[in-house]
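Me: I'd like a close look at one part of this protein, the largest pocket. What lines it, and how does it sit with the rest of the fold?

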Amino acid sequence: MKFIEIAENKKQYLDLLLLADEQESMIDKYLDRGTMYALDDDGIKAVCVVTDEKNGILEIKNIAVRPDCQRKGYGKQLIRFIRNKYKDFFAILQVGTGDSPLTIPFYESCGFHKSHIIKNFFLDNYDHVICEGGKQLVDMVYLQMKI
């Protein structure tokens, strides 16, 4: 297993990025300013985009694992890699996600704790209804961990 920084042609992984963020125009807001990594384990299994949000905060803007590779630890491996790579440069790793029964427990199992909420984020920023785990996403829930 290896981690590869993707510096050019990041949109070649758009199919994966859209698994975690369903609207391409939203991905466009962070993709160019973010640093992208791919997890290669006999082929690309997952991708992650992180951004410097200033004040010692590194944010995971997108983390996605191929559907046929989910629940095999690739997401946790990517988060572990990000923590180790950036531990000397940032104090906090944060992630924003919908209030979903699928994603919140995953991030909590990785060591994240709920930090704050942005009300109506998905209603105000997406051009269509987003559902996950049978629930419409409305608010953005931010989770953080010290790194």
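Reply: First, a bit of bookkeeping on residue classes: Ala, Val, Leu, Ile, Met, Phe, Trp, Tyr, Cys and Pro count as nonpolar, Asp, Glu, Lys and Arg as charged, and the others, Gly among them, as polar. With that sorting, the lining of the largest pocket comes out as 24 nonpolar, 10 polar and 10 charged residues. Keep in mind that this is a predicted model.

The pocket holds about 1,200 Å³ of space. Its lining runs to 44 residues, and the ones nearest the centre are Ala20, Ile63, Thr103, Tyr107 and Glu132. Strand S4 gives the most to that lining, with seven residues.

So what is S4 doing in the fold? S4 covers residues 57-65 and pairs with S5 (residues 92-98) in the parallel sense, over four bridges. One residue pair to look for there is Ile57, whose bridge partner in S5 is Ile92. Both strands belong to an open, mixed sheet of seven strands, ordered S1-S2-S3-S4-S5-S9-S6. The edges are S1 (2-6) and S6 (113-118), each pairing on one side only, and the twist averages 30 degrees from one strand to the next.

Zooming out, the chain has five helices and nine strands, running β-α-α-β-β-β-α-β-α-β-α-β-β-β from the N terminus. The C-alpha trace spans about 35 × 30 × 30 Å along its principal axes. For 147 residues, a compact globule would have a radius of gyration near 15 Å, and the chain's 14 Å agrees with that. Buried residues make up 44% of the chain.

Definitions and conventions: Residues numbered from 1 in each chain as written. Predicted model: local features only at pLDDT ≥ 70, side-chain atom pairs only at ≥ 80, totals over all residues. Heavy atoms only, no water. Pairing = 2+ DSSP bridges. Helix = DSSP H or I, 4+ residues; strand = E, 2+ residues; numbered from the N terminus. Axes fitted to C-alpha atoms, helices over the stretch in contact; angles between N-to-C directions. 1 Å grid on protein atoms, 1.4 Å probe; cavity = no way out; pocket = protein on both sides within 12 Å on 5 of 7 lines; lining within 4 Å. Points joined across faces, edges and corners; volume = space filled by probe spheres on them. Rg over C-alpha atoms; globule rule 2.2 N^0.38 Å. Buried < 20%, exposed > 50% of the residue type's maximum accessible area, 1.4 Å probe, protein only.
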